[in-house]
Amino acid sequence: MGFSAQGEYFLGHANGQTSDKTLRAHGLYTQAGYFIIPKHLEVAARYSFVDPDRDKADNIQTETAGAVSYYFNKHNLKLQLM
């Protein structure tokens, strides 16, 4: 119907190579798009964050982005602006 959505969450941990500290990280991204002109003009938005060390304060990195795509010939020929 012209709408798309996608998302992913990750959770991980790793032992430090030069210390005995265990790093615990997590993050996610979510993205949605909609065809304004079916099969040709799509708008999309994305939000993501990553916390590379959950035990450390104030180190979360976030990103928001938007995109416009025009499909001349499906994915074979398209123009994308982000």
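**Close-up 1. The ring of Y71 and its aromatic partner.** In this predicted model, Y71 counts as buried, because its relative accessibility is 7% and the cut-off for a buried residue is under 20%. A search of the whole structure finds two aromatic pairs, and one of them is formed by F35 and Y71, whose rings are tilted, with 5.6 Å from centre to centre and 45° between the planes. F35 belongs to strand 2 (residues 22–37) while Y71 belongs to strand 4 (residues 61–73), so this pair ties together parts that are 36 residues apart in sequence.

**Close-up 2. The aromatic pair of Y70 and F72.** Here the rings of Y70 and F72 meet edge-to-face, at 4.8 Å centre to centre and with an angle of 65° between the planes. Y70 counts as partly exposed, because its relative accessibility of 30% falls between the limits of under 20% for buried and over 50% for exposed. As a general point for reading such views, in a regular strand the side chains alternate between the two faces of the sheet.

**Close-up 3. The hairpin of strand 2 and strand 3.** Strand 2 and strand 3 pair in the antiparallel sense, and 11 bridges are found between them. The two strands form a hairpin in which three residues lie between them, and I37 has L41 in strand 3 as its bridge partner. Which residue in the turn has a positive phi? It is K39, with a phi of about 65°, although K39 is not a glycine. K39 is found in the loop between strand 2 and strand 3, and this residue counts as exposed because its relative accessible area is 70%, where the limit is over 50%.

**Close-up 4. Strand 3, strand 4 and the loop between them.** Strand 3 and strand 4 run antiparallel and are joined by 10 bridges; within this pairing, V50 stands opposite Q61 in strand 4. The loop between strand 3 and strand 4 contains D58, a residue other than glycine whose phi is nevertheless positive, near 60°. D58 is exposed, with a relative accessible area of 81%. I60 lies in the loop between strand 3 and strand 4 as well, and I60 is also exposed, with a relative accessible area of 51%.

**Close-up 5. The contacts of I60.** Leaving aside residues up to four places away in sequence, I60 touches F49, V50 and D51. A separation in sequence can be set beside a separation in space for I60 and L41, which are 19 residues apart along the chain and 33 Å apart from C-alpha to C-alpha.

**Close-up 6. The acidic side chain of D51.** D51 is found in strand 3, which covers residues 41–51. How far from D51 is the nearest side chain of opposite charge? That side chain belongs to R54 and is 5.6 Å away, and D51 is buried yet has no salt bridge. The distance does not qualify, because a salt bridge needs a side-chain nitrogen of Lys or Arg within 4 Å of a carboxyl oxygen of Asp or Glu. When residues up to four places away in sequence are not counted, D51 touches R24, A25, H26, N59 and I60.

Methods. Residues are numbered from 1 along each chain as its sequence is written. This is a predicted model: local features need pLDDT of at least 70, side-chain atom pairs count only at pLDDT 80 or more; totals for chains, interfaces and linings use all residues. Side-chain values use heavy atoms; hydrogens and water are left out. Rings of Phe, Tyr and Trp (its six-membered ring) pair if their centres lie within 6.5 Å; planes under 30 degrees apart count as stacked, over 60 as edge-to-face and the rest as tilted. Helices (H or I, at least four residues) and strands (E, at least two) are DSSP runs, numbered from the N terminus. Buried means under 20% relative accessible area, exposed over 50%, partly exposed in between (1.4 Å probe, protein chains only). Lys and Arg count as positive and Asp and Glu as negative; His and the chain ends are not counted. Contact means heavy atoms within 4.5 Å. Two strands pair if DSSP finds at least two bridges between them.
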